[in-house]
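Please look at how the strands and helices of this protein are arranged. The paragraphs below go through a sheet and its strands, and then turn to helices.

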Amino acid sequence: MVRRVILLALVALSAFAPSMSGPASAVVAPEVSGDLVVSKVDTTSYPQVAMVVAPPRLLAPRDLTADAFTVTENGQDRPVGVARLPNAGLQIALVLDPSVSPGVLRAAQGAALDFVLRLPVGTRVSVVSAGAPPQLILPSTLDLVAAPRAVGDVAPRRGRAIYDAVRRANSEFSRGDQVRHTVVVFTGGRDRSSSTALSALKRELTSTGTSLYSVELANSDSGGALATVAAAAGGESLKVAPTELVGTYQRVADVLLNQYRVSFEAHSRGTAQLAVAVAAEGISGARSFGVQLTAPATASPSTRAVVSSERGGGRAVAEPLAAGVTIAMALLAGGLLMLVGRAGLRARSTRAGPRGVR
């Protein structure tokens, strides 16, 4: 029954695809600007510099070539090499804070469900509840039907151990040359229960090449801790209202599924001003930032100079959908969550014992 509901949900989503992407691209104005995200800058092979760049979402369906990208270093154009990062090696760990109010938790679960339904077949997904102690709800799996069910299984709990939960999620990733590790964490406030220090978590994610996207409630008291981890490891820190969760998770999915490795040879040393831009078919995006180009002599291959997100520090970043699509998506996520929740309760009632914690 649950599998059938998931398949029907996918069909419903695909029915809205033409209204969200097809006609929109046909009526694009001569020049439409959008968000361009630079999540990582790697200077460890200086003078070769590599960046992970996500063009604006309207360019997501297109395979862009080097001609679409420009990079300037202190105002000087640099030749670039561009390669799209394959999504075949994508591994995602979803971390959900169960200590928030039941209504906010349901909203976060609905946004996470929508996020999972956007992932391509072949993506590995795991789910961790960030209570105290953290609980592994779903070990890393290729089963994208099991993932929505696991999201619905996250139950309200006391305690908030975000750092421990992110560390537990990071241990679920398999290693390899072509894999990409990303933790997407939702939290309602400051971590008060973890045994893992923030500095240790930052070092671990950086050493394993794991990026972090944190989605925090705008009125939370997190103190920007996860923003510092995202800045060190690569990713973004987003602070939003509960009503903006679906749009924010959609944006994270757009970024993760639309990434390019953009490289160039630097000519300067020390602090430099970089500007990255992309333009194709009347759609453009740009970003400029300062970066330390000279790699430290003691830098290890895993050390990265990372651009912190311009969206950190309390700025809400919902990407509103058309009204009809928003209502349909909300009904779809709510109905799907209710069904997978009921299925989870029936399944748990037939088990011999409680779910184990790894």
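In this predicted model, a good place to begin is the pair made by strand 7, residues 90-96, and strand 8, residues 124-129, which run in the parallel sense and are joined over six bridges. Within this pairing, Ile92 has Val125 of strand 8 standing opposite.

These two strands belong to an open sheet of six strands, whose order is 9-8-7-10-11-12 and whose pairing is mixed. The edges are taken by strand 9 (135-141) and strand 12 (235-240), and because each of these has a single partner strand, one side of each is left without a neighbour in the sheet. On average, and with direction ignored, neighbouring strands of the sheet are turned by 10 degrees against each other.

Helices pack on this sheet as well. Helix 3, formed by residues 102-117, touches strand 7, strand 10 (180-187) and strand 11 (210-217), and its direction makes about 170 degrees with that of strand 7. Helix 8, residues 245-256, also packs on the sheet, where it touches strand 7, strand 10, strand 11 and strand 12, and its direction makes about 170 degrees with that of strand 10.

Another contact joins two helices: the axes of helix 5 (residues 162-170) and helix 6 (residues 198-208) come within 10 Å and cross at roughly 20 degrees. Because angles under 35 degrees count as roughly parallel, helix 5 is described as roughly parallel to helix 6, and their crossing is left-handed. On the side of helix 5, Tyr163, Val166, Arg167 and Asn170 take part, meeting Leu198, Leu201, Glu204, Leu205 and Thr208 in helix 6. The residues of this contact comprise five nonpolar, two polar and two charged ones.

Conventions:
Residues are numbered from 1 along each chain as its sequence is written. This is a predicted model: local features need pLDDT of at least 70, side-chain atom pairs count only at pLDDT 80 or more; totals for chains, interfaces and linings use all residues. Side-chain values use heavy atoms; hydrogens and water are left out. Axes are lines fitted to C-alpha atoms, for helices over the stretch in contact, and angles run from 0 to 180 degrees between N-to-C directions. Helices (H or I, at least four residues) and strands (E, at least two) are DSSP runs, numbered from the N terminus. Angles under 35 degrees count as roughly parallel, over 145 as roughly antiparallel, 65 to 115 as roughly perpendicular and the rest as oblique. A crossing is left-handed if the near helix is turned anticlockwise from the far one by less than a right angle, and right-handed if clockwise. Contact means heavy atoms within 4.5 Å. Ala, Val, Leu, Ile, Met, Phe, Trp, Tyr, Cys and Pro count as nonpolar, Asp, Glu, Lys and Arg as charged, and the others, Gly among them, as polar. Two strands pair if DSSP finds at least two bridges between them.
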